Amino acid sequence: MPDTLVSLPDFSGIVADLGDAVIETVVAHGEVTLVTTRERLIEALTYLRNQARFEMLVDETCVDYFPQEPRFAIVYQLNSLSRTMRLRVKVFLSEHDKTIPSACAVYLSANWLEREIYDLFGVTFEGHPDLRRILMPAGYEGHPLLKEVPVTVEEVAFSFNRRRIDADKPYARE
Amino acid sequence: MGLEQKLGDMGVVTTSLEKAVGWARSNAIWPMLFGLACCAIEMMSTQASRYDLSRFGMELMRASPRQSDLMIVAGRVSRKMAPVLRTLYDQMPDPKWVIAMGDCASCGGVFNNYAIVQGVDEIVPVDVYVAGCPPRPETLIEGILKLQDKIKQEPLKKWQ
Amino acid sequence: MPANNPTLHEAPESVLTESNAQLDITLEQLKKLVTPRAFTGETMLLNMGPQHPSTHGVLRLLLELDGETIVSCIPDIGFLHTGIEKTHEGKTYSKGIPLTDRIDYLAPLSNNLAYVGCVEKLLDLEVPLRAQYIRVILLELTRMNSHLVWLGTHALDIGAMSVFLYCMREREMILDVYELVAGARMMTSYFRVGGLWRDIPPGFTDLVQKILDVFPERLLEYEKLLKDNPMWKERTVGIGVIGKEDAIAYGMTGPSLRGSGVNYDVRKAYPYSSYDQFEFSVPVGSNGDVYDRYRCRMEEFHQSLKIIEQAMKRLPAGPVMVDNRKIAPPPKHEIAYSMESLIHHFKLWTEGFSVPEGEAYFAVESGKGEFGCYISANGGPKPRRVHFRAPSLCNLQALPRMSRGCLIADMVAIVGSIDIVLGEVDR
């Protein structure tokens, strides 16, 4: 796509200001990713919003890197309306300690996005004002987007197994 | 050759009560205004300008289940929606019918996953399945006409 | 409506605590959502949805009311959660395209482009110019399609029935174009990784030209019905106000953000699919109320027509698909005599192409706002994670802020004005 060819804005100032809060900078496909740690996350986001003028948290999501360790990554997509820049911030989380400070205090839009991650991946956000399930019903057990949950639930019906699947299906009554 | 010309000399038609009731029921269906997903948009198209469902005498959608006797399940039913759907079905007065509109409502469609009920017939009994993703308005109308045929042949005992 | 009006203090505590073990919600969590006046019975809790004619699908709102005034509003979503992101993990990249149609089913081609564009970004593909132009034409038609359904249902909610019938009539013209190019009325899957499924068939130009001819006067008709209609203005002006800063903080995008006076449009800020080669302006409101959002969308109709006209005039000749056989399927006639093409074809439909490891985010301006797609690729033919940034989700998140202090009847107008599609909110 043409916009990958657009020369990148200068991020060196931001990286320098953040200092050792940034542990890695990745540039790929015309996008910049800063990898930070869980402890320095809120500090980094606050700086990015107030000083570097990334006013909008466009998206926040989670990636399950199973079987790698650290297994989870929380991905923040930031957007600066005044400077027309995008930036991605990433934090890696271990499977054994799935907690991360909530970004709600910095970006209001993180509220529902974090609830979604909690619902689908089981990552706990510390300091979140209203951490409940958002998409799945309240009685649901488990977190469906983890890699150990199978992608399909029902066997695909062919002519040889159609009858058996039909017999097992719980049909409704009046 | 209309009936009007025979006014005053109507003659007598004999038929069974069952048939007369079935005929009357089939042409006065009140569907429930119940849209879920993509198919709901096609259901709207069916009622709107070009396809005009009112030609078949059933354009009057009721928002309340208490006033309707046909539930068109238009779209995918999630596990969270399933109890709500069953409640709505239970709230509808007898006699009542269900059309599963589209692949998702019929069998889960492309979404064979944790969130979607694999066919709405797991929750409510379905009378007519309409295939398509989403079905064209013509297909839905065909499904409704099929249901009308079915209602005409239903025994009265069924709704005792 | 499934539930009658329960007030929390009336609900026996034992019922709530008994089910807590399996519901993993505590009463304390729920208490925080409403004001203390709800417990003394001064205010009333009212359930709206998920089966409600004007919630645009299956949105559920829990409203705390003081008489007729909304004190707080608690949206409950997920009734249309489809697990599209999970299903993507089990599909190859090209088989994932049809799933994207069903996210925002009013703007299928915008979703297609976000997904396809993201894969193209990961593969570093340059799409032929003709394909880009055809994409632009169809994207703008899609925007008009989305806005027409919005206008029809929004007006219907507020009580203007005839607008709905007019809008659906015009929408059929756009669906005819979809059907011509893709063979389906709604779920098109016409954009493929590397270009388009096929070139536009003959008759396309006539259909689009007819839309260009007919629409300006039809738009005038809508404006006559609504723009200066005192009843319409009474219901929309000054209702559901949200300020600039709040709108940005909530992550609102699209006409809902621009109605508040923020000039942000992905087509201008981060041009994709050669949008930078077209002249158009971005309509911006000032008050951030329902009426301004309505004005923004109505102006966008004219801008879309302008873009389509330019694109139709300057439509370049050439291929509509990249010639990389590892990604684009070979033409059918080639398979008959070329062994290599046969192998490529077989590989593409059985295994699919592999995408190098990495991650990318690609956003388009759909009718609702910034529709983004984030893909994390693991080097194989199936993605590790596909995530869609849904504009409706963030726009809906601002609903409690917008509706505070409004009357309950205004709720319907506000929900209509942010133009949500529940398929996109829940995915």
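Two strands are counted as paired if DSSP finds at least two bridges between them. With that in place, I shall present three parts of this structure, which is a predicted model.

I begin with chain B. Here an open sheet contains three strands, in the order β1-β2-β3, and the pairing is parallel. Strands β1, residues 70–74, and β3, residues 128–130, stand at the edges of this sheet in chain B. Each of these two has a single partner strand, so one side of each lacks a neighbour in the sheet. From one strand to the next, the twist averages 20°. Strand β2 of chain B covers residues 97–101 and is joined to β3(B) by three bridges, the two running parallel. Within β3(B), Val130(B) is the residue that stands opposite Met101(B). A helix also packs on this sheet: α2 of chain B, residues 38–47, touches β1 and β2 of that chain. The direction of α2 makes about 125° with that of β1(B).

I turn now to chain C, and to a pair of helices. Helix α8, residues 129–158, packs with helix α15, residues 290–313, both of chain C; the angle is about 160° and the axes lie 9 Å apart. Angles over 145 degrees count as roughly antiparallel, and α8(C) and α15(C) are therefore described in that way. Their crossing is left-handed.

Which residues of α8(C) and α15(C) make the contact? From α8(C), they include Tyr133(C), Ile137(C), Leu141(C), Met144(C) and Trp150(C). Glu140(C), Arg143(C) and His147(C) are also among the contributors from α8(C). On the side of α15(C), the residues include Arg297(C), Glu300(C), Phe301(C), Ser304(C), Ile308(C) and Met312(C). Sorted by class, the contact of α8(C) with α15(C) comprises eleven nonpolar, two polar and four charged residues.

The last part is a sheet in chain C. It is open and has three strands in the order β6-β7-β8, with antiparallel pairing. The edges are formed by β6, residues 358–365, and β8, residues 383–389, of chain C. Each has a single partner strand, and therefore one side of each is left without a neighbour in the sheet. The twist here averages 15° from one strand to the next. Six bridges connect β7 of chain C, residues 370–377, to β8(C), and these strands run antiparallel. One residue pair to locate in the structure is Ser376(C) and its bridge partner in β8(C), Arg385(C). Finally, helix α7 of chain C, residues 108–123, packs on this sheet and touches β6 and β7 of chain C. Its direction makes about 145° with that of β6(C).

Conventions. Residues are numbered from 1 along each chain as its sequence is written. Chains are lettered from A and ligands numbered from 1 in the order in which they are written. This is a predicted model: local features need pLDDT of at least 70, side-chain atom pairs count only at pLDDT 80 or more; totals for chains, interfaces and linings use all residues. Helices (H or I, at least four residues) and strands (E, at least two) are DSSP runs, numbered from the N terminus. Axes are lines fitted to C-alpha atoms, for helices over the stretch in contact, and angles run from 0 to 180 degrees between N-to-C directions. Two residues are in contact if their C-beta atoms, placed from the backbone, lie within 7 Å. Angles under 35 degrees count as roughly parallel, over 145 as roughly antiparallel, 65 to 115 as roughly perpendicular and the rest as oblique. A crossing is left-handed if the near helix is turned anticlockwise from the far one by less than a right angle, and right-handed if clockwise. Ala, Val, Leu, Ile, Met, Phe, Trp, Tyr, Cys and Pro count as nonpolar, Asp, Glu, Lys and Arg as charged, and the others, Gly among them, as polar.
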